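Colleague: I am new to this structure and would like a close look at one part of it. Please take me through the sheet and the helices that go with it.

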Amino acid sequence: MNSGHDLREKLRVIGANLSFRHKILALVLAIIIFMGLAMALQTRAVLVTSLGQQLDQRSLATARAVAAQGSELVLTGNLYGLHQMLLDMQASGRDIRYIYIQDSWGRVLSHTFNGGFPVDLLAYNQLPPGKKESQQLLLTDEGVIHDAAVPVFGGQLGVVHVGLSEVGLRQAVFAATTRFVIMITIFSILFIVIAYMLTTILTRPIRELVGATRAVAQGNLDTTVTVSGHDEFGFLAASFNRMLDSLRRSRAEIEELSNLRSELLDRVVTAQEAERRRIARELHDDTGGALTAILLRLKALEDKVQGEKEVARSLAEIRGALGEAMAGLRCLALELRPVVFDELGLTGALQQIARDYSDKFNLKIHLAAREVEKRLPPKAELAIYRIVQEALNNVIKHAEASEVSILLEPRGEALRLIVEDNGRGFDPEASAYRKGLGLFSMRERAALLGGKVIIESTPARGTTIYVDIPITA
């Protein structure tokens, strides 16, 4: 049972993998083989029946001829002439296996057997009294024998038995069947060639359509399908071409929107960074300067009221709180636009942010940054810095991690950034995380430079962020 199921499954798989043209050819071949076999078997059966009937008729005709010619020889007792006549009659037909004559008492008067008459043969096809003739098929070691019995002189002088072998019949059937099979084979080859040509012509639109769909699947929308007629294939080709036109228009619109989106996003990021620089400059220059002046005035007042301990202590507390506010203001200005970024470049800025986050949030940060041969464009350096900054902010807000590793190194034509933490991790495919603004911001910054961001994370096993930015970005 299992073997039969396996065979059906294999045939199903083979059929599914065959092309439409090969399926048609296989179907035509199967029909031709089936019809050829059916016709060969039918022809063979007709030949066997027809030739068998001819053997029966010949055996009766031969027996009648022997009975007619041998009656006078039997009456005169000329056994030698009778024997010679039987031999001549046997020689006249190659299918005649034997001839023998029995007298009215059942004794064999003459026969054509060389090695002696087989006595067992007398028990077969006995002619009943009054019957004009009798036929019977004898199954022997030599094959089937058609035995015909005809009375001599109305049965008064005996009975003639003539046996015809089917050896010649079978040879004739085999020869005729062989010729028929050869003819069927020739016609089958001719039909297969014609079927191959027809299927090639008929399936050409399908094959062209399949090739076009593969090209479209690979992103090539410039292909077209030839409309070869007004039939179903032509209608399908025309519909496919209309679909391609629609896809090309849609792609052009998407590319235009994508370019516009990238341009707008680049402007937003540029404006954002410019605004950060402006705010950082104002905080450092204007607000920082004003707070420094206030701090100096407080110090001067504190010196004037040395005798007033309570007032001096209050002024000292105010000056300390103001100093803390100024320190926080400086940290905010550095986060908006670190001064070291302009002076020492990307590596220095990463070292600074690693120290700041480590000190501020009690986080172990391991930084390994290799310099590239030439400094990256400002936009690329700024994007990498902001991605690291966003990644660290996510670690602080969500990961509950104790250690973070940051690796920055050139790899071929790209700069590889890896940020890995030992936090609680998450499912990157969850909709809540896929829509997160932090992760979206990382991807957009990298995409603006022709790069990509890959996030790998498993709950309770930490998170790893891979960023690749082209060095020539």
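**The sheet and its helices**

Modeller: The crossing of α8 and α10 is left-handed. That pair is set aside until the end; the sheet comes before it. Please keep in mind that this is a predicted model.

The sheet is an open one, built from five strands in the order β2-β1-β5-β4-β3, and the pairing is antiparallel. At its edges lie β2, residues 108-111, and β3, residues 134-140, each of which pairs on one side only. From one strand to the next the twist averages 20°. In general, strands of a sheet pair through backbone hydrogen bonds, either parallel or antiparallel.

Within this sheet, take β4 and β5 as an example. Strand β4 covers residues 143-152 and strand β5 covers residues 158-165; eight bridges join them in the antiparallel sense. One position to find on screen is valine 152, which stands opposite glycine 158 in β5.

A helix also lies against the sheet. Helix α3, residues 79-91, packs on it and touches β1 (96-102) and β2. The direction of α3 makes about 155° with that of β1.

Helix α3 has a helical partner too. Helix α2 spans residues 20-76, and its axis and that of α3 come within 10 Å, crossing at roughly 160°. Angles over 145 degrees count as roughly antiparallel, and α2 and α3 are therefore roughly antiparallel to each other. The crossing in which α2 passes α3 is right-handed. On the α2 side, the residues that meet α3 are Thr62, Ala65, Val66, Gln69, Gly70, Leu73 and Val74. They meet Gly81, Leu82, Met85, Leu86 and Met89 in α3. Sorted by class, this contact of α2 with α3 has eight nonpolar residues, four polar ones and no charged ones.

Now back to the pair named at the start. Helix α8 runs over residues 378-399 and helix α10 over residues 437-448; they pack at an angle of about 165°, with axes 10 Å apart. These two helices are therefore roughly antiparallel to each other. From α8, the contact takes in Ala383, Arg386, Ile387, Glu390, Ala391 and Asn394. Their counterparts in α10 are Gly438, Leu439, Met442, Arg445 and Ala446. The residues of this contact of α8 with α10 divide into six nonpolar, two polar and three charged. Charged residues thus appear in the contact of α8 with α10, Arg386 and Glu390 being among the residues there, whereas the contact of α2 with α3 has none.

Conventions:
Residues numbered from 1 in each chain as written. Predicted model: local features only at pLDDT ≥ 70, side-chain atom pairs only at ≥ 80, totals over all residues. Heavy atoms only, no water. Axes fitted to C-alpha atoms, helices over the stretch in contact; angles between N-to-C directions. Helix = DSSP H or I, 4+ residues; strand = E, 2+ residues; numbered from the N terminus. Parallel < 35°, antiparallel > 145°, perpendicular 65-115°, else oblique. Left-handed = near helix turned anticlockwise from the far one by under 90°. Contact = heavy atoms within 4.5 Å. Pairing = 2+ DSSP bridges.
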